[in-house]
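User: Could you take a close look at one part of this structure, the place where two of its chains meet most extensively, and then set it beside the other contacts and the bound ligands? I am in my first year, so please go slowly.

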Amino acid sequence: GEEVVSGGDLGAVVPVAGCGADAYIDPADLAPTRKIARCEANAPAAQPLKEMTTIRMTSASRSSSLAPIFVGMELGEFEKENLKIEFSVLPFADAMPQLATGRVDISYGGTEAGLFNAVNQGLSIKWILGNFVEPKASDLSQPQTGLWARRDTFADPSKPNVAELKGKTLGSTVGAASAIAYPMDKALRQAGISLQDLQIKQLPAADLMTALSNDAVDTAWLLDPYWLAAANEPDKYVLVGGQVPGEPLGGFYAGKSLLQERPEVTQAFVRAYIRTVNTYLRGDYTKDQRVLTAIATGAQQPPETLTRTPALTFDWEIRQGTGEQEQKVFIAFKTVKYTDVIPEDRYVDRSFYARAVGHSGT
Amino acid sequence: MTARLIRQPGAAERHPVRTRRRWTATKVALGVSVPVLFVVLWQLSAELKWVDPFLYPPPSRLGHGIATLWEEGRLVDATLVSVRRVILGYLLGASAGLLVGFLMGMSRVLRAAFEPFSWGWYTVPKLALLPIFLTIFGFGDTSVVVLIAVTVYFFVWISVMSAVMAVPAGYREAALMLRAGRWDMFRHVLLPAALPEIFVGLRIAAGVAVLMLVGIEFVISDQGLGYLIEQGRTLLLLEQSYVGIVLVAVIGYLFALLVKLVGRLFIRWRADDDAIVAS
Amino acid sequence: MTARLIRQPGAAERHPVRTRRRWTATKVALGVSVPVLFVVLWQLSAELKWVDPFLYPPPSRLGHGIATLWEEGRLVDATLVSVRRVILGYLLGASAGLLVGFLMGMSRVLRAAFEPFSWGWYTVPKLALLPIFLTIFGFGDTSVVVLIAVTVYFFVWISVMSAVMAVPAGYREAALMLRAGRWDMFRHVLLPAALPEIFVGLRIAAGVAVLMLVGIEFVISDQGLGYLIEQGRTLLLLEQSYVGIVLVAVIGYLFALLVKLVGRLFIRWRADDDAIVAS
Amino acid sequence: MKHVAPLTDVDTAADAAPAAPQRIAVRQATRSFVAGRRAKVDALGPLDLSIGDAEFLCVVGPSGCGKSTLLKIIAGLLAPSSGEVAIEVSGDSRIPIAMVFQDYGIYPWKTVRANVDLGLRLSGRPIAERREIVNDWLGRLGLTDFADAYPGALSGGMRQRVSIARALAIDPEVLLMDEPFAALDAQLREVLQDELLAIWQARRRTVVFVTHSLEEALLLGDRVVVMSARPGRIIADITVPFERPRSGAVRTDPLFAKLRGDLWASLHSEVVAQFDTGRQK
Amino acid sequence: MKHVAPLTDVDTAADAAPAAPQRIAVRQATRSFVAGRRAKVDALGPLDLSIGDAEFLCVVGPSGCGKSTLLKIIAGLLAPSSGEVAIEVSGDSRIPIAMVFQDYGIYPWKTVRANVDLGLRLSGRPIAERREIVNDWLGRLGLTDFADAYPGALSGGMRQRVSIARALAIDPEVLLMDEPFAALDAQLREVLQDELLAIWQARRRTVVFVTHSLEEALLLGDRVVVMSARPGRIIADITVPFERPRSGAVRTDPLFAKLRGDLWASLHSEVVAQFDTGRQK
Ligand SMILES: Nc1ncnc2c1ncn2[C@@H]1O[C@H](COP(=O)(O)OP(=O)(O)OP(=O)(O)O)[C@@H](O)[C@H]1O
Ligand SMILES: Nc1ncnc2c1ncn2[C@@H]1O[C@H](COP(=O)(O)OP(=O)(O)OP(=O)(O)O)[C@@H](O)[C@H]1O
Ligand SMILES: [Mg+2]
Ligand SMILES: [Mg+2]
């Protein structure tokens, strides 16, 4: 793909020690079995900024999927770059205007309809880092975040036919405007129906499980850790669709200030992020007490809540087409106010993570 | 003697009808011009780029937002849903608040028993109890209506109880001499005496009902004006949000006005809008 | 003649001190026993499995929740943060509401101009304006405090304005004869006359401040009791949620009580808790 | 029918009824008030008073001596601090005791007509009868033109007349009147005094009438009691010898002047005493 | 200093000042009220009245005839519907006109002392002087014991005394008194009448004194005006011939009885007329 470096001149891309061929995967490779980009531990090496620099970062919550940030902060990976993260909680929708005006540097969020509406209206926001993937997403026999349904919704509860969900009600936190619209739609399309064949009911994440058990909805996208309750009663609930294997659906978005005014700071942030993933967040990182404590501190949660759900597979890369697929669902649902898919280069910038691992990005 | 004070008929005495008519006209003109001025300033500040017209859509773009929503048919739907919820919830909550408020205002034993408990419940964030309501009343409109009712209830309860307690003892004594029973006391003394203050409480509660409605629709609903606002916000369709906010404000204003007019029907003995110091 | 009415000293007249002491004791006992009864019923319903003890943690588990939060040091932190925000916001909003309420209560021109506009703003969902506040006041505590202040402002404004308008003309006339200026009129007549009703409004607003705080902390904060509640909900740490709710209720109660006691200091001329009909 | 008056008990009678046709018996009644952190104020008594059936008793006494307090105790609105008051009532009438309050006690939210009607309405009289009675009383008190006005639009004297009309319309067994004519002009006062006398002479009710006017007391009363300065006790008890039916003409009777002089003398020292205390401080 | 009275204009004088030392000139003043949907009520006038400097004018008239309305117009609390009232004031005193209201007009949230002190306080007198004046007046009106009580704990007469004390403490150029002694017992009334006479004779102020008692009017006034029934006009204007300083002894003067009879006669027809209207309806 063609990459556009929106930032200032960061000089030529140079190879990075510890980051080999596995450090950059072709964005077009969508195979569920593809590798996840990784370098060796402690790579790429720090290149501290000249002076201590503060990055103002927001996220809608202190989610445990921000583990690289929390661990990096606790264990000094950002410090090594002379970076200080000033973290505040702010819903992504509220953060986007702030990103565009430069009051916020980086926000953590998803590829939501709001993002595309913002880009469509000319706000300068770019997706610069992915968050995580769910490698076992294609295996629905493993309980996980995904589309769960009550078995009695189906004619044969033991062999649920997803096509029977047509006309039923689906519970979700943000309806057809969130990043999970795409995986939901994909799961349904595999059965020959689509998200539009269902009635979407919007409920808080915490109340979806209750709604499912009360027959208020027939199927629901259950997030961490709510699916655990459904998984406890396999004869009542069944998982009918998972995330899209291998495609992160969100991550970090940078705004005007970091893209145009201070690209070197963005670069340092991305470097520290990638190094943290490589060093501390491989495999089942929850076994590492130091890491677990760091995440618990950052997420302000008791450690035991973190070990309830499996460790995440962090993936800083951004697949090609994820945004397009999302937009198609949003266009179908009219949650974006345009009809032609916006090209990727207007909202994705892979140059920072590519440069961090010494890859030219092409 | 160096000064002479002259008492002469003012305009109000010389031309009472004309003065009253003029004042009404002035009142309407002032009442309209302030919002209009605000809108003009808002538009101007967008035109002159004092503020970011994307983040703060100017009024001129609200028309467009309304048109879009109207064409999609969502405007009328959302408004109807919201208005129905708010009115049902308000009626339910206000009735309960009036009843309990009067009972507690009239009995110090009830007050001693339930006042601390009720004040505690007053500040329980009702939205946090949503799951309980959803479990009990289902995921439909009922939960929304009940939650609005519960919120309204507390505001009305406090106003009514305080108003009843503030009724001067002299009024009650006169009725006691006429051997008024509790019902008569309520009907002829406490209710009318407390009514002016109660209607202030009812007007406050009307606003609270609308605010609560929006809060609930932010969280659980896929209908109503609160949903329009929230959806506009998450989708960064700020025009839609602003249309919703303006509509909610208008509905809230009309609702409070309605309560005020109903109050005026009931409280005919009291002049309503006196200048306290002529100005 | 078939009946004889006897007027005798009641207990209150025969043993005034003892009766008063007894009534205070009864009052406290009743006021405490109702919440205690509620807690017992709640515990019982959990023990007897009437309700799901996971979804509705029984009071016995609240202790555990408190202990956990205490050990983590988050309880005190969250409480302090919330209390500071709510008090600052309340003081700011209440002061503004008092000021504007008096100005508008005293001038019918101001009222004509700004009443419709203000009532419209009253029902604007303040949380929906959050982005604007964040832009102006930053992401810190300031935005939270200002948003609470704005909400409180409206409630106080309405109460004060209504209370001032309800001051009987006779009181104002007497002061006019003494050539009271506007300030004297305010200081010696309107303020003290309206104070009882104003304090009802201030108590209502105290609760509103707490509710608004929680609402804001639900949405944007990563601190405070609202955050504890919300986090408990999203992480299915329901004990934590309930601890938060109970704490908020207690703080709200204490806050309203504080306002009441302050009111009593200022309004010494009026008997405070009379039984209206002995019961 | 058994009606429980507020703050009081009802005994069915004949247990210890006195031989004399006594209507109201006040025995060693006292009343004190504690207001805030101020010292206790002894407002009344100890006071003994026996009021006969169908007696017209006038009460005079210095301002603040406890006259209103006494009336409120008899009315059952205030309990005595010690002592006892017993009132015999027939038990037939819905409202045995009516009171005209010193501060009128009428309701600003009711029209003049509704205010006068209230007692009748509460005692469940048929509407046609009520209408007639109310119109009659409004006419007698010169309020017909203002029947549909709210009290806010009335003059002080008109308000007091509403209060009088409400009490008289009930036609109670015992009528307690606390300076009912104070706000009325001399002419109207005479008209109403005559009216009251006429009513009372037609069907004898028990009336306790507090007044500041010694002439009024002598003109109206069967008996005049004089109360001392606060705490009010009875320092004089004069039976008025003029024959019924009386008219304003008794004023010219030399006995009238003498009695007035007696009352005046017994009161004067009280007032002077009170003021000397005040002035010395 | 130039003080703007509410609802009024201030002219600096000498433009059209009359030759006679006239203090208050009421010219063709009328006042009507419209309350709700009721018909217009003509409360007063047209009324012409000229009150001299240092004159003690008593006003009598049937209840509801517009006496309080007239006083409020003079006070500047109510504008006339037509006509004009002019009052000459020296412009030296902070509060040139004081008024005793018929319904007392004292503040329940202020102690007796603070109520009496209010006028002095607003006129910015030094605190020591105020304290002395207030104590003096509290003593004269027998309120010393209740100086720190709130009005809620006072009897009707005591409240009226507070109101009187507040007005007198100001020592105004013009004193408007609306039935100031109505709630006081006969003795206290005399004491205060003497007090008022003494004050007035010591330094002559203009007093407009509304009363229901013809005796009081004749005893106190330089002049007594009689008002007709509503709408109140002046139907009699009597100059009282008794010499100053007067005392209660003038009551026994045969002229006193004659004047009282004259006043009575002029009033009586008014009252009767009023009542006949009421009754016929
Ligand atoms: N609620 C109260 N609290 C405290 N003191 C009171 C209260 N009511 C009356 N008093 C006191 O009791 C005394 C008697 O009052 P009461 O009203 O009976 O006098 P009164 O004889 O009716 O006087 P007046 O002729 O002025 O009406 C007064 O000194 C008054 O201060
Ligand atoms: N605010 C008002 N609204 C309507 N009518 C009023 C108002 N105030 C007074 N009136 C009417 O004006 C007339 C005169 O009232 P005013 O109070 O002057 O009488 P007054 O001579 O003082 O009588 P009183 O001796 O009973 O006090 C009355 O008939 C009354 O009904
Ligand atoms: Mg009295
Ligand atoms: Mg009057």
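Analyst: What follows starts with one interface and then moves outward to a second interface and to the two ligands. Please keep in mind throughout that this is a predicted model.

Among the eight pairs of chains that touch, the most contacts are between chains B and C, and that is the part to look at closely. Chain C brings 77 residues to this contact, while chain B brings 75 residues. The area buried between chain C and chain B is about 6,700 Å², and carbon and sulfur atoms give 71% of it.

If we now turn to the side of chain C that touches chain B, its residues divide by class into 50 nonpolar, eleven polar and 16 charged. The elements of chain C that give two or more residues to this side are α2 (16-47), α4 (74-106), α5 (108-122), α6 (130-137), α7 (141-165), α9 (182-219), α10 (224-234) and α11 (238-266). Of these, α9(C) gives the most, with 14 residues.

Polar groups also meet across this interface, where eight residue pairs are in polar contact between chain C and chain B. Two salt bridges are found across the interface of chain C and chain B, whereas the count over all chains comes to 66 salt bridges. One salt bridge that you can look up in the model joins B:R203 and C:E115, whose closest N and O atoms are 3.4 Å apart. This pair counts as a salt bridge because a side-chain nitrogen of Lys or Arg has to be within 4 Å of a carboxyl oxygen of Asp or Glu. The pair crosses between chains, with B:R203 in helix α9 (residues 182-219) of chain B and C:E115 in helix α5 of chain C.

Chain C also touches chain A, and this second interface can be described in the same way. Here 21 residues of chain A are in contact with 18 residues of chain C, and the area buried between them is about 1,700 Å², of which carbon and sulfur atoms give 55%. On the chain A side, the residues that lose the most area to chain C are A:V89, A:Y226 and A:Q300, which together account for 25% of what that side buries.

Across the interface of chain A and chain C there is one salt bridge, formed by C:R233 with A:D207, with the closest N and O atoms 3.5 Å apart. Eight residue pairs are in polar contact between chain A and chain C. The side of chain A that touches chain C draws at least two residues from each of β2 (83-89), α3 (92-101) and α6 (205-213) of chain A, and the largest share, three residues, comes from β2(A). By class, this side of chain A has eleven nonpolar, five polar and five charged residues.

Not every pair of chains meets, however. No contact joins chain A and chain D, whose closest C-alpha atoms lie 50 Å apart, and no contact joins chain A and chain E, for which the closest C-alpha atoms also lie 50 Å apart.

Chains D and E bring us to the ligands. Ligand 1 lies between chains D and E, and of the 21 residues around it, D:K67, D:S68, D:T69, E:A153 and E:S155 come nearest. An oxygen atom of ligand 1 is 2.6 Å from a polar side-chain atom of D:S68, and a backbone N or O atom of E:A153 lies 2.6 Å from an oxygen atom of ligand 1. The protein covers 89% of the 630 Å² of accessible area that ligand 1 has on its own. At least two residues of the shell around ligand 1 come from each of α1 (67-75) of chain D and α4 (156-170) of chain E.

Ligand 2 also lies between chains D and E, and 21 residues surround it, the closest being D:A153, D:S155, D:G157, E:S68 and E:T69. An oxygen atom of ligand 2 is 2.6 Å from an N or O atom in the side chain of D:S155, and the side chain of E:S68 likewise has an N or O atom 2.6 Å from an oxygen atom of ligand 2. Taken alone, ligand 2 exposes 640 Å², of which the protein buries 89%. The shell around ligand 2 divides into seven nonpolar, eleven polar and three charged residues.

Definitions and conventions. Residues numbered from 1 in each chain as written. Chains lettered and ligands numbered in written order. Predicted model: local features only at pLDDT ≥ 70, side-chain atom pairs only at ≥ 80, totals over all residues. Heavy atoms only, no water. Near = heavy atom within 4 Å. Polar contact = N/O pair within 3.5 Å; in protein donor to acceptor, adjacent residues only side chain to side chain. Areas by Shrake-Rupley, 256 points an atom, 1.4 Å probe, with all protein chains shown as cover. Nonpolar A, V, L, I, M, F, W, Y, C, P; charged D, E, K, R; others polar. Contact = heavy atoms within 4.5 Å. Buried area = accessible area lost by both parts, 1.4 Å probe. Helix = DSSP H or I, 4+ residues; strand = E, 2+ residues; numbered from the N terminus.
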